[in-house]
Amino acid sequence: MAGPSFARTRRRVSEAAGLMWPLLGACLWAAVVGYKPVIIVHGLFDSSDDFKNLQRFINESHPGTNVTVIDLFDRGASLEPMWKQVEGFKAAIYPIMQNAADGVHFICYSQGGLVCRGILSILPDHNVHSFISLSAPQAGQYGDTDYLKYLFPQLVKSNLFHLCYTAIGQRVSICNYWNDPHHRDMYVNTSDYLALINSERPNPNSTEWKENFLKIQKLVLIGGPDDGVITPWQSSQFGFYDDNETVIEIQHQDLYLRDVFGLKTLAARGDLFFCTVPGVVHVWWHSNETVFHTCIEKWLV
């Protein structure tokens, strides 16, 4: 006859099994669903350590997902020229892509959103499924923010063009996408980065870059009116100022209307999505659980 100790042991085994089944089920679900790897690219003055909350959100909602935050160009090194960062991040990301038969997802924050666009433009065999642009100045930056005051304490937005639109200025990342609506010609002719990937001046690679960019399956543009850094905040969704500093939304922007790198094509395909969240300041986008569940979670499959 089984004694009390045997009964207790059997009960503990049963309790342990009860705890294991949900975990085992989650692991089997992840294996069956086959969540694609997620690659995260940070922004200006950030590092990989700033994305622990976002990693946790992903691992809780999509168990078993391989999440990589690329640890390059951290902090002050994020001021390096954009093309240099594109090449560095591309070299780190490409092996992950090659090992992901079903593709990968990009979550690219702030300046990192422009780094990712560069990678997607120049890399012909990328396999990015969802490109999630998280509060990134996709149409450029023009605003007196704390970042600007820290970098250029003697300058304000109205005269930063004197520095940014020079060969020396173009060695600083933020100048590569500084878009002064009052000096449009100087921007177009001088910008070594944004004006090129936006095909805002003649670019012999524009057709090839467009084809490469359009290999993404989804483009998700996330931003909000209380961001406080991306200026105008609509730049996160390809809106920008005209020369009166009136915001022109994406649908009326020349780069959309002429479909210069594929935005209109993505919209026609049904693969262009906007997610606008009020009440989120710039430094909290990647740590805000509401933003994750509202704007990001459903695309990571």
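The exercises below work through a sheet, its disulfides and one histidine in a predicted model.

**Exercise 1. The sheet**

Task: State the order of the strands in the open sheet, and work out which strands stand at its edges and why one side of each is left without a neighbour.

Solution: Begin with the order, which reads β2-β1-β3-β4-β5-β8 for the six strands of this open sheet, with parallel pairing throughout the description. Next, look at the two ends of that order: β2 (67-69) and β8 (272-276) stand at the edges, and because each has a single partner strand, one side of each is left without a neighbour in the sheet. As a last step, consider the angle between neighbouring strands, which are turned by 15° against each other on average when direction is ignored.

**Exercise 2. One strand pair and a helix**

Task: Find how many bridges join strand β4 to strand β5, and name the strands that helix α4 touches.

Solution: Take the pair first. Strand β4 covers residues 128-134 and strand β5 covers residues 218-223; the two run parallel and are joined by five bridges. Within this pair, Phe131 has Leu219 of β5 standing opposite. Turn then to helix α4, residues 111-122, which packs on the sheet and touches β1 (38-41), β3 (104-109) and β4, while its direction makes about 140° with that of β3.

**Exercise 3. The disulfides**

Task: Count the disulfides, identify their partners, and decide for each cysteine whether it is buried or exposed.

Solution: A disulfide is counted where two cysteine sulfur atoms lie within 2.5 Å, and by this rule the count comes to three.

1. Cys108 is joined to Cys116 with an S to S distance of 2.1 Å. The torsion about this S-S bond is about -85°, so the disulfide is left-handed. Since buried means under 20% relative accessible area, Cys108 at 0% is buried, and Cys116 at 0% is buried as well.

2. Cys164 is joined to Cys175, again with S to S 2.1 Å. Here the torsion is about -65°, so this disulfide is left-handed. The pair links distant parts of the chain, with Cys164 in helix α6 (residues 161-164) and Cys175 in helix α7 (residues 173-176), 11 residues apart. Cys164 counts as buried at 0% relative accessibility, and Cys175 is buried with 0%.

3. Cys275 is joined to Cys295, with S to S 2.0 Å. The torsion about the S-S bond is about -65°, so this disulfide is left-handed. The pair links distant parts of the chain, Cys275 lying in strand β8 and Cys295 in helix α13 (residues 289-296), 20 residues apart. Cys275, with a relative accessible area of 11%, is buried, and Cys295 counts as buried at 1%.

When the bonded cysteines are counted along the chain, the pattern of the disulfides is 1-2, 3-4, 5-6.

**Exercise 4. His129**

Task: Locate His129 in the model, classify its accessibility, and list its contacts beyond four places in sequence.

Solution: His129 has its place in strand β4. Its relative accessibility is 23%, so His129 counts as partly exposed, given that this class lies between the 20% limit for buried and the 50% limit for exposed. Leaving aside neighbours within four places in sequence, His129 is in contact with Lys36, Val104, His105, Ile216, Gln217 and Lys218. Finally, compare position along the chain with position in space: His129 and Trp299 are 170 residues apart along the chain, and their C-alpha atoms are separated by 8.9 Å.

Technical notes: Residues numbered from 1 in each chain as written. Predicted model: local features only at pLDDT ≥ 70, side-chain atom pairs only at ≥ 80, totals over all residues. Heavy atoms only, no water. Pairing = 2+ DSSP bridges. Helix = DSSP H or I, 4+ residues; strand = E, 2+ residues; numbered from the N terminus. Axes fitted to C-alpha atoms, helices over the stretch in contact; angles between N-to-C directions. Contact = heavy atoms within 4.5 Å. Buried < 20%, exposed > 50% of the residue type's maximum accessible area, 1.4 Å probe, protein only.
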